[in-house]
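This report goes through one protein chain. It takes up salt bridges, strands and buried parts in turn.

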Amino acid sequence: MSKIEEILDSFWNTHKTNPGVAHVYKYKLLYAWCLSIVVVIVLGMIYQGKATMFQGIAEATETTISLPSATEVVKVHVMSGQAIEAGDTIVELNRPDLTLRITELTRELDALEGRSNLSSAEIDQKVAEVKATLATRSMTLKAEIRNLETEYKRNKEIAARLKSLKNSGGDDDGNDAMAMQIKSLKNELAVAQANANEQIKLLKSSGRLQKTSGKTEAENLRKELAELQKEQEELIQIAKESWVVGSVNARDGEKLSSFTPIVTLTHKSPTLIRGYIHERMYQRMDIGETVKIHTLGGTGKAVEGKVVGLSSRIVEFPTRMWKMPEMPIHGREVTITIPAENHFLLGEMVTISE
């Protein structure tokens, strides 16, 4: 007989005359089952509560000022730990290659516009020369035609008066020859006018084509110039919102290679929580889930956050979260956003729960 049974029998023999004890002893199996169910429920609730609680670190979004090209630091206007507001100048930079390229593009654009204007003037001058030549040639031909027509008319009148010469073939042949000459001069005048009009048309179409080509080239130059001027404006970095200077990595006059961090900026208060949930429990957390964030000591009002990211692999917890220095802990990283207005400190450890 086990020790527990001996204790129960001893207790029964001593108190068997008590009606209450007799009743409990009679239905001891039923009461034992009920007690077991209650214990299981309580333990399940406790385990569930522990499973949905984990720790994290309050962090803030960070931005780094750098350029994709080699640059020179003219002046740094901030220092580490300094709080800056929107509109404050952070750093002044210089890119000599950018200044040189802007000067070259401006010169090319001015030259292109000058050549376009000069070409238009040259074409107008050639059109005027063609018109002047046509006018001179037209005046000469028209004068010859008028003289011949006058002479032809006079000959006709003389022929009409001299009826005796009516049947003579000499004058008729002369008149016919004169009529053919007049017709030839008129044809020559028409051809001269047609040729001049065609030359003028070609000159004007060439001017339009050249003007369109020059306009397209000028537009491309203006677009490139506008982009470079925008890059030049960005050489003076201005704060667009409130920040705290995290670190200053350059000095005045220093030359830096491309993408070298110059200044890092962070927000004044934490904007996200980097949580670390144990690898045995990471499946209990989903993106979009709302959680409560408390200080590590549980004091102060809880802040509500939203899960926005879950790492796709198991990672090692930060060293400060290890229970023992020689025993690393692994789990899944959880990113949680919180309102900008909160009472947490940057780098503070917090407790996260559903």
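Is Arg 274 buried, partly exposed or exposed? Arg 274 counts as partly exposed, because its relative accessibility is 22% and the cut-off for buried is under 20%. The model is a predicted one.

## A salt bridge between distant parts of the chain

Arg 274 forms a salt bridge with Glu 59, and the closest N and O atoms of the pair are 3.3 Å apart. Arg 274 belongs to strand β10 (residues 272-278) and Glu 59 to strand β1 (residues 53-59), so the salt bridge ties together parts that lie 215 residues apart in sequence. Glu 59 is also partly exposed, with a relative accessible area of 25%. In the whole structure, the search finds ten salt bridges.

## A salt-bridge network with Arg 101

Arg 101, Glu 104, Glu 108 and Glu 224 are linked in a network of salt bridges. Within this network, Arg 101 forms a salt bridge with Glu 104, with 3.4 Å between the closest N and O atoms. Arg 101 also forms a salt bridge with Glu 108, where the closest N and O atoms are 4.0 Å apart.

Arg 101 and Glu 104 are three residues apart in helix α4, which means that about one helical turn separates them. Arg 101 counts as partly exposed at 27% relative accessibility. Glu 104 is partly exposed with a relative accessible area of 30%, and Glu 108 counts as partly exposed at 37% relative accessibility.

## The closed barrel

Six strands form a closed barrel that runs β1-β10-β13-β12-β11-β14, with antiparallel pairing. On average, neighbouring strands of this sheet are turned by 40° against each other, direction ignored. Strands β1 and β10, which hold Glu 59 and Arg 274, both belong to this barrel.

Within the barrel, strand β11 (residues 290-295) pairs with strand β12 (residues 303-316) in the antiparallel sense, over four bridges. Val 291 stands opposite Gly 305 in β12.

## The open sheet and Thr 266

An open sheet of four strands has the order β2-β9-β7-β4, and its pairing is antiparallel. The edges are β2 (62-65) and β4 (83-84); each has a single partner strand, so one side of each is left without a neighbour in the sheet. β7 and β9 pair in the antiparallel sense over four bridges. The bridge partner of Val 245 is Leu 265 in β9.

Thr 266 has its place in strand β9. Thr 266 is buried because its relative accessible area is 12%, and the cut-off is under 20%. Leaving aside residues up to four places away in sequence, Thr 266 touches Thr 61, Glu 62, Trp 243 and Val 244. Glu 62 is 204 residues from Thr 266 along the chain, yet the C-alpha atoms of the two are separated by 4.5 Å.

## Pairing of β3, β5 and β6

β3 and β5 run antiparallel and are joined by four bridges. The bridge partner of Glu 72 is Asn 94 in β5. β5 also runs antiparallel to strand β6 (residues 236-238), and three bridges join these two strands. Here the bridge partner of Glu 92 is Ile 236 in β6.

## Nonpolar cores

In soluble globular proteins, nonpolar side chains tend to be buried together. The largest nonpolar core of this model has 27 residues, and those with the most contacts inside it are Ile 84, Ile 90, Val 91, Val 263 and Leu 265. The elements giving two or more residues to this core are β3 (71-76), β5 (89-94), α4 (96-161), α5 (169-233), β7 (243-248) and β9 (263-266). α4 gives the most, with five residues. Apart from this core lies another, of 16 residues, among them Met 281, Ile 293, Val 303 and Ile 352.

What does Val 91 touch, not counting residues up to four places away in sequence? The contacts of Val 91 are Ile 65, Val 73, Lys 75, Val 76, His 77, Leu 235, Ile 236, Gln 237 and Ile 262. One of these, Ile 236, is also the bridge partner of Glu 92.

Note on methods. Residues numbered from 1 in each chain as written. Predicted model: local features only at pLDDT ≥ 70, side-chain atom pairs only at ≥ 80, totals over all residues. Heavy atoms only, no water. Core = buried A, V, L, I, M, F, W, Y, C linked by side-chain atoms within 4.5 Å. Buried < 20%, exposed > 50% of the residue type's maximum accessible area, 1.4 Å probe, protein only. Contact = heavy atoms within 4.5 Å. Salt bridge = Lys/Arg side-chain N within 4 Å of Asp/Glu carboxyl O. Pairing = 2+ DSSP bridges. Axes fitted to C-alpha atoms, helices over the stretch in contact; angles between N-to-C directions.
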